[in-house]
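Biologist: I am new to this structure and should like to be led through its parts in order. May we begin once the sequence and the model are shown?

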Amino acid sequence: ERSEQRTSEGMASQSDDLTRPLRDGEPVRAFYHAHDHPQGYRYVRLPEALAMDDLPTEAKPVIGLSTGWIPATVVETPKDQAVDDGRVLVFLQGLFDDHYHPEPDGQPVCGMYWRVPRSLVRPMGSSLPEAALSLLVVRWGNYHGGSKSSRSHDITNDAMLRDILLDRGSPHAACAPTGSYEVFTAFIRNTDDLSFVEPLLARTMRSSNRVGMYFLWPSQSHRLSSGMVSEHVLLDLMHRMEMEGVRTCWPHPQALYRQLAGKLWAPGVSRGRPDLRVPPTVKVDWQRFRMATDVVQVATGIIQELIGMRPQGGAAAAPDSYRGVAKLGFSWMGEGVRAFEGPRGLVAAIRDLRLGTTDAPVCLVQERVEGVACELRLVCCRDRAREDVTWELVRMRQKPQRRQNGGADDFSVASHENMKFEEATADVFGGRSQALKAAEDEVRRLGKLWLQWFESEGFGLPAPAFRLDFIVANAARAVPQVWTVELCECGGSLCSLAHDARTTATLNECLAGPSGDFAPAAALGAQGSFPRPLPAMRAAAYER
């Protein structure tokens, strides 16, 4: 009875802390959210280790708490404190900085005035809400000057990150009303900045459910564009943070992300799993190229190896007339693909791709599929509520054909334009709807096989989202050919579908917790009904 009485008294005291009038000058903790800045800045509270070092401000990235509880002092209480959402003016303690260093002297600012709802201000000494989630967001720093297009997949477009982190179905929408999470954000300008994202940061996180999200493109190039960093540095960081207990929920755990972004899965699958319909593929051995006195001979050997991988009964081919595609791993936004014909064309394609990259980039050579009519894609989200994958099939038009490396001028890749079933039937399949239906049925069959492959390789069901891309060839046949062309990592284009399902799938992954039992979601109380069912995949209301 005494224990129950103490519990009742504690709950009553906590309720009083949420509703009683606050005094000017009273020490409190306030729930801060950087996106509430009236001028649109994103100030973060700097960790002491970064704020107190001897490096000049311009030599280090801005990294710190962008959402979470911060010590503060009450400056002004709302006129009507009975209103739950009445905002309290507080003075936040600590050093704050923004990626753009907007202060006149370019230095961090000591303390900030901020208005916070009364429900998210706690007197000092009272308990804080249990943290359902501690989130580390590693992102490109230029949040105002980035891309304004390709909203579903361009990580330099700030709207993409807002859709995932702040919009309906997001971690912020689920956790911010009760102050039940925190976010540490690193605004990255270049590869060197990643060295400041220390694993020690993980030990300052409040929640036992610690999650990392990395909105950067790992690249093998020495000429890095906006949003790109060295692939091995980023992947090493992801691995170190995972060793510290920070699960990667965007894009994928490091081991799977490396396979997908680097296209490392293709050579082994093309040899060992013909049922998955991957064209013959080999990985370039750079040691052979460096030691060779005749690189054309090495290229001839690669082509002969590809010819030998063709299924029995496949058409014979002479190396000089062989047509293929060279692909660079860790390449983005449609770059890193070159068509070729014959050994000399392959040498030219490889030299073109290697120009400006690391000494031994991941480079694949693949047999070209002739007569490509369109791409069919499965845009996939892991559905934890059903313990399955939800997908939507989309039909992509091809871009106009183009000439590459002296080859025939009939090489094309998929465009960003999708087609309705009726459009694809008329424009691609010559009005033969049954041929399109047969191709789509084959894509769904292959999609199920790929889910089994992920499981058998130890990756489980990929989460939160991914894409399976297939090319359709010889559309004039009664049964067109379907080949797997890409396993696209989370963060790829949604092909004009809305982000809602992907955002909810991301929230589910964040709150599933280390054991996958959604125990952290209990901290959200009545709002914590998880896993949440995914919204239907639908066309976006704006250009994606």
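Biologist: Which residues of H6 are buried?

Modeller: The model is a predicted one. A residue counts as buried under 20% relative accessible area. In helix H6, the residues that meet this cut-off are Gln254, Leu256, Tyr257, Leu260 and Ala261.

Biologist: Within what arc do the buried residues of H6 fall, seen down its axis?

Modeller: The residues concerned are Gln254, Leu256, Tyr257, Leu260 and Ala261. Viewed down the axis of H6, they line one face of the helix, because they fall within an arc of 160 degrees.

Biologist: What covers the buried residues of H6?

Modeller: The cover includes both strands and helices. Among the strands are E10 (217–219) and E21. The helices include H5, H7 (265–272) and H12 (433–456).

Biologist: How are H5 and H6 oriented towards each other, roughly parallel or roughly antiparallel?

Modeller: The axes of H5 (residues 231–243) and H6 (residues 254–261) come within 9 Å and cross at roughly 160 degrees. Angles over 145 degrees count as roughly antiparallel. H5 and H6 are therefore roughly antiparallel.

Biologist: Which residues make the contact of H5 with H6, and how do they divide by class?

Modeller: On the side of H5, the contact is made by Leu235, Met238, His239 and Glu242. H6 contributes Gln254, Tyr257 and Arg258. By class, these residues divide into three nonpolar, two polar and two charged.

Biologist: Which residue follows H6, and what is its phi?

Modeller: The residue that follows H6 is Lys263. The phi of Lys263 is positive, near 60 degrees.

Biologist: How are H9 and H10 oriented, roughly parallel or roughly perpendicular?

Modeller: The axes of H9 (residues 295–308) and H10 (residues 342–354) come within 8 Å and cross at roughly 105 degrees. Angles of 65 to 115 degrees count as roughly perpendicular. H9 and H10 are therefore roughly perpendicular to each other.

Biologist: Which classes of residue make up the contact of H9 with H10?

Modeller: H9 contributes Val295, Val296, Ala299, Thr300, Ile302 and Ile303. From H10 come Gly342, Pro343, Arg344, Leu346, Val347 and Arg351. The classes are eight nonpolar, two polar and two charged residues.

Biologist: In what order do the strands stand in the open sheet that contains E13?

Modeller: This sheet has four strands, and their pairing is antiparallel. Its edge strands, each pairing on one side only, are E13 (281–283) and E15 (337–341). Neighbouring strands are turned by 25 degrees against each other on average, direction ignored. The order is E13-E16-E14-E15.

Biologist: Which residue of E16 stands opposite Lys283?

Modeller: E13 and E16 (residues 363–367) run antiparallel and are joined by three bridges. The residue of E16 opposite Lys283 is Leu364.

Biologist: Which helices pack on this sheet?

Modeller: One helix touches E13 and E16, with its direction at about 135 degrees to that of E13; this is H7. Another touches E14 (323–328), E15 and E16, with its direction at about 160 degrees to that of E15; this is H10.

Biologist: How many residues of E3 are buried?

Modeller: Strand E3 (residues 62–76) has 15 residues. E3 is largely enclosed by the rest of the structure, because the number buried is twelve.

Biologist: With which strands does E3 pair?

Modeller: One antiparallel partner is joined over seven bridges, with Ile70 of E3 as the bridge partner of Ala30. Another is joined over five bridges, in the antiparallel sense, with Gly64 opposite Thr185. Four bridges join E3 to a further antiparallel strand, where Ala72 stands opposite Leu92. In that order, the strands are E1, E8 and E4.

Biologist: Is Phe91 buried or partly exposed?

Modeller: Phe91 lies in E4. Leaving aside neighbours within four places in sequence, its contacts are Pro71, Ala72, Thr73, Val75, Cys110, Gly111, Met112 and Tyr113. Because its relative accessible area is 26%, Phe91 is partly exposed.

Biologist: Which strands form the edges of the open sheet of five strands?

Modeller: The order of this antiparallel sheet is E19-E18-E17-E20-E21. The edge strands, each pairing on one side only, are E19 (414–419) and E21 (481–488).

Methods. Residues are numbered from 1 along each chain as its sequence is written. This is a predicted model: local features need pLDDT of at least 70, side-chain atom pairs count only at pLDDT 80 or more; totals for chains, interfaces and linings use all residues. Side-chain values use heavy atoms; hydrogens and water are left out. Two strands pair if DSSP finds at least two bridges between them. Helices (H or I, at least four residues) and strands (E, at least two) are DSSP runs, numbered from the N terminus. Axes are lines fitted to C-alpha atoms, for helices over the stretch in contact, and angles run from 0 to 180 degrees between N-to-C directions. Angles under 35 degrees count as roughly parallel, over 145 as roughly antiparallel, 65 to 115 as roughly perpendicular and the rest as oblique. Contact means heavy atoms within 4.5 Å. Ala, Val, Leu, Ile, Met, Phe, Trp, Tyr, Cys and Pro count as nonpolar, Asp, Glu, Lys and Arg as charged, and the others, Gly among them, as polar. Buried means under 20% relative accessible area, exposed over 50%, partly exposed in between (1.4 Å probe, protein chains only). The arc is that of the directions from the helix axis to the C-beta atoms.
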